[in-house]
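Visitor: I'd like to learn how to read a few features of a model like this one. Could you walk me through it, piece by piece?

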Amino acid sequence: MSGGQVEVELRLPGWTRSPFARRHGLTVAALLLLLAGLVVKGWLLSRSYFAEDDIVFVGRALAEPLGWDHLFRVHIGHLMPGAFVLVRALTAISAYDWGLVSVVIMALYAGAALALYRLLRLLCGARPLILVPFAFFLFAPANFQAGTWFAAALNILPLQIAMIMAMCSQVLLIRTGRAGHAFAGLAWMCAGLLFFEKAVFIPPVLLLLTVLLLAREHGLVGAVRRHWGLWLAYLVVGGAYLAGYLLGSGRSGGQGISVPEFYTAVEYLGDFLGGTVPTLLVGGPLSWGTENIVGPPVAHRPVEVIVAWLVLIAVVAGTCRRRPEAAGAWALAAGYLLVADALLIMLSRSGSVQHAFESRYVADATPVLAVCLALALMPWRKEAPGRDTLPRAVSPFVLPATCAYVALTLVSAAGFAQGLLGERNRAYFDVARADLARVGPETGIYPVLLPDRMLFPWQAVEDRLTSRALSPLVEGALRERIRHPGAAHDAVTFDDRGHLVPATVFGAQVVAQDGGCLPLSDRTVVAGLPAGREGNILRIDYRVPRDTRATVLRDGRRTEVPLRAGRDRVYLPALVASGPVRISVQDDGVCLRAVVLGIAVPEEVVSGGAG
């Protein structure tokens, strides 16, 4: 029996030979695939909501002025001024509007897909086979988390667009030699750097892509020397950016590079490269891990990993046998996954094994992988593409394999959706927005930390406080009351469900003995309390025969506080200061019963006494 190639001749319907189908049929098919991808993306977005860094970014957008410190802060290792500008714009239009954010994410996703379609046509012409890598990108499970968590989408989707468009410019530069395409590639790299520092990998990708396309004709050295001036320009831009990144990271206290212990590194790379990556590349996993605030992690089972590796080996071996040039494309894909994803994340996240199961760390590679798949399946077209006719001969395995991949990704998407916690976070924000609309004008709204399920504890305290995180839900004077609450006799705060409930203060206290009054010296009480922290509240319990005022002095800062007859306590924000609290009264007959400094908590949490 012959071991040669097997091809199947397909007899296409008559309408496929019409002028419209010959001219636009491929584009129509690509748009239909894109529409299907958008439907899946929209469904996943409907199950998600603001979480974790999303809340931090929106809160900062209103709390901080638009300036250098805000835009160029390195946030957990990410330098992303363009993303911060986009967040500020969306917040100004409609804060915490998930519908608006979903439209933006889907628009960026569609932009990346259309850019990839253009790149595939530039590389391989109008061949129906380009729909295979196009479908791989559209439905890749590696993009699920990156497309449903707003903070991740702000990094990854603009990077995908920038990387794809830079590759388009490079292909056009190779084809035409026009310098304008070189400048366009540099501009796209700079645009990517505004959103994600991983855009520094765009030049190496372009260099290796150029070698792949030209090495056969010009040799390895000739392919590199062909555009040496461009590579030098990329090196200068990338070097200047890295210098600024390191400077900003040091100033902002950003997360640095650290080498993990040997066994930690081995475990991380084994889980990531050995299990997570192959499972995602073949359309899995069939099931995901436990529910997570930003989307479930990959929970690959041994059988899934084994099948995934067998599929990948079959694809690589089959394409290399059919086209020996495919080996270079797969080497580029493997190199990017190893250096830009596995090693970089391992070093920047200290080899934390939990990150080995995060699908978003593979998302930036999907455009590169799609291009490598295209070059493994088809030769590139050096000449400008003309009107290509639809070829009738295709490999018998391509269509069923692509359909199986898409079907598997849909099953994977259903499992991923089950692990999203969007409805829980959405309910919290909806309840908080409704209760804020009903709060009385003289009620003090005092901050409390958001639940850990919404914002991880390692975030800065000021970002976790409701005074910053929830103030964007309202506008005008009410927003200022939340951000900067004043003195009030009635206090409310947020419970774990987002409801506004009566509040008290839990913390350090100075209490008069036997229900009496604290001793006054020259009408002043000196309460030795610990230093106040961000978000702390001061509560003064008192008894007065008529309305009067008291003056609270701490660390040289003075606050006037009303003491009303018929009420027995007043609340006010505590200054972030050290030293004793001095409370001076204006009239005789004032009885100060207790002074409490601490955090606002629902009254139902603390019972009795002075807190």
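Visitor: Let's begin with strands. How many bridges pair strand E10 with E11, and in which sense do they run?

Guide: Keep in mind that this is a predicted model. As for the general idea, strands of a sheet pair through backbone hydrogen bonds, either parallel or antiparallel. Here, E10 (residues 548-554) and E11 are joined by seven bridges in the antiparallel sense. If you want a spot to zoom in on, Thr 551 sits opposite Glu 560 in E11.

Visitor: What sheet do four strands form, and in what order?

Guide: The sheet is open, with the order E8-E13-E10-E11 and antiparallel pairing. At its edges are E8 (524-527) and E11 (557-563), each of which pairs on one side only. Going from one strand to the next, the twist averages 20°.

Visitor: Now strand E9. Is it mostly covered or mostly open?

Guide: Mostly covered: of the seven residues in E9 (residues 537-543), six are buried. Look at its pairing too. E9 pairs with strand E12 (residues 569-573) over five bridges, in the antiparallel sense. With strand E14 (residues 591-602), E9 shares seven bridges, again antiparallel.

Visitor: Which residues does Ile 540 face in those strands?

Guide: In E12, Ile 540 stands opposite Val 570. In E14, the bridge partner of Ile 540 is Val 595.

Visitor: On to helices. At what angle do the axes of helix H8 and helix H9 cross?

Guide: The angle is roughly 170°, and the axes of H8 (residues 150-176) and H9 (residues 179-193) come within 8 Å. An angle over 145 degrees counts as roughly antiparallel, so that is how H8 and H9 lie relative to each other.

Visitor: Which residues make that contact?

Guide: From H8, they include Ile 161, Met 165, Leu 172 and Leu 173. From H9, His 181, Ala 184 and Trp 188 are among them. Sorted by class, the contact of H8 with H9 has nine nonpolar residues, five polar ones and no charged ones.

Visitor: So where do charges come in? How many salt bridges does the structure hold?

Guide: The general idea is that side chains of opposite charge can pair when their charged atoms come close. This structure holds 22 salt bridges. One of them joins the side chains of Glu 325 and Arg 216, at 2.4 Å from N to O. That pair links distant parts of the chain, 109 residues apart: Glu 325 is in the loop between helix H13 (302-322) and helix H14 (326-348), while Arg 216 is in helix H10 (residues 202-225). Glu 325 is partly exposed at 32% relative accessibility, and Arg 216 is exposed at 74%.

Visitor: What separates Glu 423 from Arg 426 along helix H18?

Guide: About one helical turn, because they are three residues apart in H18 (residues 422-438). Their side chains meet in a salt bridge at 3.7 Å, N to O. Glu 423 is partly exposed, with 48% relative accessibility.

Visitor: And the pair of Arg 468 and Asp 463: is Asp 463 buried or exposed?

Guide: Asp 463 is buried, with a relative accessible area of 2%. Arg 468 is buried too, at 18%; the cut-off for buried is under 20%. The closest N and O atoms of their salt bridge are 2.9 Å apart. Follow the shared partners and you get one network that joins Arg 60, Glu 64, Arg 73, Asp 463 and Arg 468.

How values were computed
Residues numbered from 1 in each chain as written. Predicted model: local features only at pLDDT ≥ 70, side-chain atom pairs only at ≥ 80, totals over all residues. Heavy atoms only, no water. Salt bridge = Lys/Arg side-chain N within 4 Å of Asp/Glu carboxyl O. Helix = DSSP H or I, 4+ residues; strand = E, 2+ residues; numbered from the N terminus. Buried < 20%, exposed > 50% of the residue type's maximum accessible area, 1.4 Å probe, protein only. Axes fitted to C-alpha atoms, helices over the stretch in contact; angles between N-to-C directions. Parallel < 35°, antiparallel > 145°, perpendicular 65-115°, else oblique. Contact = heavy atoms within 4.5 Å. Nonpolar A, V, L, I, M, F, W, Y, C, P; charged D, E, K, R; others polar. Pairing = 2+ DSSP bridges.
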